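Hi,

Here is the structure I promised to pass on. Have a look at it first, and then read my notes below.

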Amino acid sequence: MLTITQALDLRELLAAVGDAVVVTDGAGAITLWNPAAERMFGYTEKEALGASLDLIIPERLRGRHWDGYNETMRTGITKYGTTLLRVPAAHRYGSQLSIAFTVAMLHDADGKPTAVAAVIRDETSRFNEDRALRKKLAELEAKVAAYSQAT
């Protein structure tokens, strides 16, 4: 626990954490992009800052994303502050990622939403393992069903 005499260096913290931290303004422009986001998505901080979140959102999902984002900025309410959201994302070089994240709404002094902060984890390996297990399970269930019908 920090004491009164200790200061938390936010830049050091953001550089040290393994999860990506991305902050966007009310219009969805990226205003913070930590080193883990660079590693995860392939864009440098310089390339990402000021860019739209479309940088990492697969094209087929952008309409739905922006509908939700704009509603969240309008109301200041999100269910993904405490509920993990799992979605596909795009890497700079075209590969698809499976990410999981939560968001925090940031507000001005009057309580108006001004930004969204997301803490993002790459779950691509876990997603692929789960998919392979589901496929194997379906194959085994089909074999059991075929065996049951044959006897």
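Glu 71 and Arg 74 form a salt bridge, with their closest N and O atoms 2.7 Å apart. This is a predicted model, by the way, so please read everything here in that light. The two residues sit three apart in helix H4 (residues 62–75), which means about one helical turn separates them. Glu 71 is partly exposed, with a relative accessible area of 38%, while Arg 74 counts as exposed at 61%.

The count of salt bridges comes to five. Another of them links Arg 121 to Asp 19, where the closest N and O atoms are 2.9 Å apart. Arg 121 belongs to strand S5 and Asp 19 to the loop between H1 and S1, so this pair ties together parts that are 102 residues apart in sequence. Arg 121 has 46% relative accessibility and therefore counts as partly exposed.

Then there is Arg 92 with Glu 47, whose side chains meet in a salt bridge at 2.6 Å, N to O. Arg 92 is in the loop between strand S3 (85–90) and S4, and Glu 47 is in helix H3 (residues 45–48), so the pair ties together parts 45 residues apart in sequence. Arg 92 is partly exposed, at 31% relative accessible area. Glu 47 is partly exposed too, with 34%.

Now the overall layout. The protein chain has five helices and five strands, and along the sequence they follow the pattern α-β-β-α-α-α-β-β-β-α. The radius of gyration is 20 Å, well over the 15 Å that the globule rule gives for 151 residues, so the chain is more spread out than a compact globule. Along its principal axes, the C-alpha trace spans about 75 × 35 × 30 Å.

What share of the 151 residues is buried? Buried residues make up 31% of them. The chain exposes about 10100 Å², and 57% of that comes from carbon and sulfur atoms. As for contacts between residues at least 6 apart in sequence, 41% join residues that are at least 24 apart.

On to the strands. S5 (residues 113–122) pairs with strand S1 (residues 20–25) through six bridges, and the two run antiparallel. Within that pairing, Thr 24 has Val 116 in S5 as its bridge partner. S5 also pairs with strand S4 (residues 96–107), this time through nine bridges, and again the strands run antiparallel. Here Leu 106 has Ala 115 in S5 as its bridge partner.

S4 and S5 make a hairpin with five residues between them, and Gly 111 in the turn has a positive phi of about 90 degrees. Asp 110 is in the loop between S4 and S5 as well. With 73% relative accessibility, Asp 110 counts as exposed. If you want a feel for distances in this model, take Asp 110 and Ala 138: they are 28 residues apart in sequence, yet 53 Å apart in space, C-alpha to C-alpha.

Ala 20 is worth a look as well. Is this residue of strand S1 buried or exposed? Its relative accessibility is 0%, so Ala 20 counts as buried. Leaving aside neighbours within four places in sequence, Ala 20 is in contact with Asn 34, Ala 36, Ala 37, Met 40, Phe 41, Ala 118, Val 119 and Ile 120. Ala 118, Val 119 and Ile 120 fall within S5 (residues 113–122). From Ala 20 to Val 103, 83 residues apart along the chain, the C-alpha atoms are separated by 12 Å.

Last, the surface. Which residues form a nonpolar patch there? Leu 8, Leu 10 and Leu 13 do, with about 290 Å² of accessible area together. Leu 13 is part of helix H1 (residues 10–16). Leu 13 has a relative accessibility of 37%; residues between 20% and 50% are partly exposed, so Leu 13 falls in that class.

If you open the model, I would start with S5, which pairs with both S1 and S4, and then go on to the salt bridge that joins Arg 121 in S5 to Asp 19.

Cheers

Key: Residues numbered from 1 in each chain as written. Predicted model: local features only at pLDDT ≥ 70, side-chain atom pairs only at ≥ 80, totals over all residues. Heavy atoms only, no water. Patch = residues over 30% accessible without salt bridge, like charges linked within 9 Å, V, L, I, M, F, W, Y side chains within 5 Å. Areas by Shrake-Rupley, 256 points an atom, 1.4 Å probe, with all protein chains shown as cover. Salt bridge = Lys/Arg side-chain N within 4 Å of Asp/Glu carboxyl O. Helix = DSSP H or I, 4+ residues; strand = E, 2+ residues; numbered from the N terminus. Buried < 20%, exposed > 50% of the residue type's maximum accessible area, 1.4 Å probe, protein only. Pairing = 2+ DSSP bridges. Rg over C-alpha atoms; globule rule 2.2 N^0.38 Å. Contact = heavy atoms within 4.5 Å.
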